[in-house]
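Here are some worked exercises to try with the sequence and the model side by side. Attempt each task before you read its solution.

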Amino acid sequence: MYLKALEIQGFKSFADKTVLSFGEDITAIVGPNGSGKSNIADAIRWVMGEQSTRTLRGSKMEDVIFDGTAKRKGLGFAEVSLVLDNTDHIFPREETEVAITRRYYRSGESEYYINRHSCRLRDINELLMDTGLGREGYSIIGQGRIDEILSIKSADRREVFEEAAGISRFRHRKEEAERKLERTQDNLVRINDKISELELQVEPLRVQAEKTRQYLRYREELRGLEVSVWMAQLEELRARSLVLQRDYDTAVSHREDARRALEELYTAGEEFSAQMRGKDIHAEELRGEQAQLEQGIHSCEGEINLLHNDMRNNSENMARIREEQAQQEGRAGSLHQQIEERRARLEEIEREMERCRAGMGQVSREVQRTLHSSGTLSEELEQLRERERLEQASAAEVRQLLSALTAAAQELLDQTAPGESCKIPLIQTQPDFSGVSGQLYQDLLSSVVTPLDGVATRGHNVALAASSCNGKVIMPGQVFSYLGAIGNPSVANGYQTSTGYANGETVDMVGGGICQVSSSIYYCTVYANLEIVYRANHAFVVGYVPNGLDATVYYPSLDYKFRNNTGFPIKIVSYVSGGRLTVQFYGTKTDGSYVKTERNTLDTVPWETVYQPDSSIPRGTTKVKTTPYTGYTVEVYRLVYNADGSLRSRTFENKSRYSKRDKVILF
């Protein structure tokens, strides 16, 4: 056995990988002081398992790693490999060479390898025992080592001879075996103590075991009884489930019947509401006609009184003239002519009186005929109003056509070069009203009448917004904008301050109340089966239209828009009369279809009463700060029916969420 090679990398002064090859002869290493001769010996001692940093001439194990110089960085690890010849198989391995490698990192981790296979430090020590290379061996003898061997105690000197004799391995194994025997003896003592303790517990454990066996028998019996009970309960539950299923089926059938009855009631209610709205409109018109007739009667009575006054004055004049005539009978000449003139005047006055009496009788008869023909006059008034609406619609169409022609002419003029003339072709055609029997807006598509709340400023704003929308004509394909129709609801445009919703609160705002008009228009839009372009519901529920059929607006960011998706123009009629807002859509119906709505309340959030302290409220009194509102989540579906009552379509209209607002009481 001899040392064949030594490979060093990162160990002390050997930064680069260095390989030293040795032959079977003696190899001597010479060099000046500080050249690294001792580092080679330290490397051999370190790779064979040296753990003493003092022996390696350092203060800590990290000192064996190359720490760098002024021109070179330090390394992160040190590695040394020692290759030994094993031709004589001194080492108990089949290989002819044995390479021992040790690697150490700055983090403190160490790795050991034998022939590039990972191993333990103990494995290396056992491999080198009895070969003269062990820790107590004589293979590495440094300065003062011989004097140290001669001067140490005989017991320490004995280790050197045992290593040389090749029995150190057995001594170490003997010591290890003795330590194991001592530990085993200690374990036997502890086990005997445990056995003594457990023997005292044998009898109690026997009693407990008997109880346990009895418990297990009882548990098995209990399990069988529980299974029997469960089976009985299962049969009972199955019977109950059958009864409940029959009850459920019956309840479902009753619910469907109730739902159909409710739908019929809703349909009848809507029809009655439509009839009531029509009756209210008719009654309002009759009241207006009655007021006009009463005004005519008062005018006729005034004329009659005036004629009576004229008759009295004429009688007085006749008496005065007769008296003057009696006084002037003695006069002659020119007075005779005056008498004749006065007589002629008197006759003329009498004839005038007769005419006045005849006129009074005729006026009285006319008043009676007027009172009896109020129904005929109401029909004539309605015809005149209808004619007025048609004329307004025709005028609006003419204005729109004129605007389109003006825009087209301006476009042609813009395309013409300066100084040139352009010809605008004009083709005169007759309008085609064959599809509507020669008349526009002849059908009432939808209508709604909503009551005002009685606040004067709010009623003023509603009437002003309704007046702005009244007479608006929406052509086929055109989009109607509510804010575009009424403009900015400001003081400059005539709107007044009233209550309205803003940021979830009821506040005073200019134009408060105009949402009632937009909601009524949205209601008519749905029931006229028109296309909704944009709509948003209020923060809280409103009382003038059903939940889910309202539309809020806020100038200029929040608008309500719909599109005329029919093939005919649509006219809006909106006005305020008798404390009520009326909105009507007129157009042309091509079939007998009609619209209903299905409103489903998905969620209801009731309001609560909240008390808040307020120092301004007198002690013992309270004041309601906010009016409560119940919160709802409502889904609305639009149902279109054919003329025969069959359902044509059911489409989702909207999903409206209304917040709840608690009742706040100050105290």
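**Exercise 1.** Decide whether Tyr-522 and Tyr-560 are buried or exposed, and work out which geometry their rings adopt.

*Step 1.* Tyr-522 and Tyr-560 are both buried; buried means under 20% relative accessible area, exposed over 50%, and partly exposed in between, with a 1.4 Å probe and protein chains only. Keep in mind that this is a predicted model, where local features need pLDDT of at least 70 and side-chain atom pairs count only at pLDDT 80 or more, while totals for chains, interfaces and linings use all residues. Residues are numbered from 1 along each chain as its sequence is written, and side-chain values use heavy atoms, leaving out hydrogens and water.

*Step 2.* The structure holds eleven aromatic pairs. Rings of Phe, Tyr and Trp (its six-membered ring) pair if their centres lie within 6.5 Å, and planes under 30 degrees apart count as stacked, over 60 as edge-to-face and the rest as tilted. For Tyr-522 and Tyr-560 the ring centres are 5.6 Å apart and the planes stand at 80°, so this pair is edge-to-face.

*Step 3.* Tyr-522 belongs to helix 11 and Tyr-560 to the loop between strand 12 (531–534) and strand 13 (561–563), so the pair ties together parts 38 residues apart in sequence. Helices (H or I, at least four residues) and strands (E, at least two) are DSSP runs, numbered from the N terminus.

*Step 4.* Ring pairs also link Phe-480, Tyr-522, Tyr-560, Phe-562 and Phe-585 into a cluster.

**Exercise 2.** Compare the pair Tyr-611 and Phe-667: what is its geometry?

*Step 1.* Tyr-611 and Phe-667 are edge-to-face, at 6.4 Å centre to centre with 65° between the planes.

*Step 2.* Tyr-611 lies in strand 17 (residues 609–612) and Phe-667 in the segment after strand 21 (663–666), so parts 56 residues apart in sequence are tied together.

*Step 3.* Tyr-611 is exposed, at 52% relative accessible area, and Phe-667 is partly exposed, at 43%.

**Exercise 3.** Describe helix 11 and find which residues touch the most other members of the largest nonpolar core.

*Step 1.* Helix 11 (residues 515–527) has 13 residues and reaches 18 Å from first C-alpha to last, close to the 18 Å expected; the expected span is 1.5 Å times one less than the number of residues.

*Step 2.* In helix 11, 13 of 13 residues are buried. Just after this helix, Asn-529 takes a positive phi of about 60°.

*Step 3.* A nonpolar core is a set of buried Ala, Val, Leu, Ile, Met, Phe, Trp, Tyr and Cys residues joined through side-chain atoms within 4.5 Å. Within the largest one, of 45 residues, Phe-480, Tyr-482, Ile-486, Ile-521, Tyr-560, Phe-562 and Phe-585 touch the most other members. Helix 11 gives the largest share of this core, eight residues.

*Step 4.* Phe-480 has contacts (heavy atoms within 4.5 Å) beyond its neighbours within four places in sequence, including Ile-521, Tyr-560 and Phe-562.

**Exercise 4.** How many bridges join strand 19 to strand 20?

*Step 1.* Strand 19 (631–641) and strand 20 (residues 647–658) run antiparallel, joined by ten bridges; strands pair if DSSP finds at least two bridges between them.

*Step 2.* Arg-638 stands opposite Thr-651 in strand 20.

*Step 3.* Five residues separate the two strands of this hairpin, and Gly-645 in the turn has a positive phi of about 90°.
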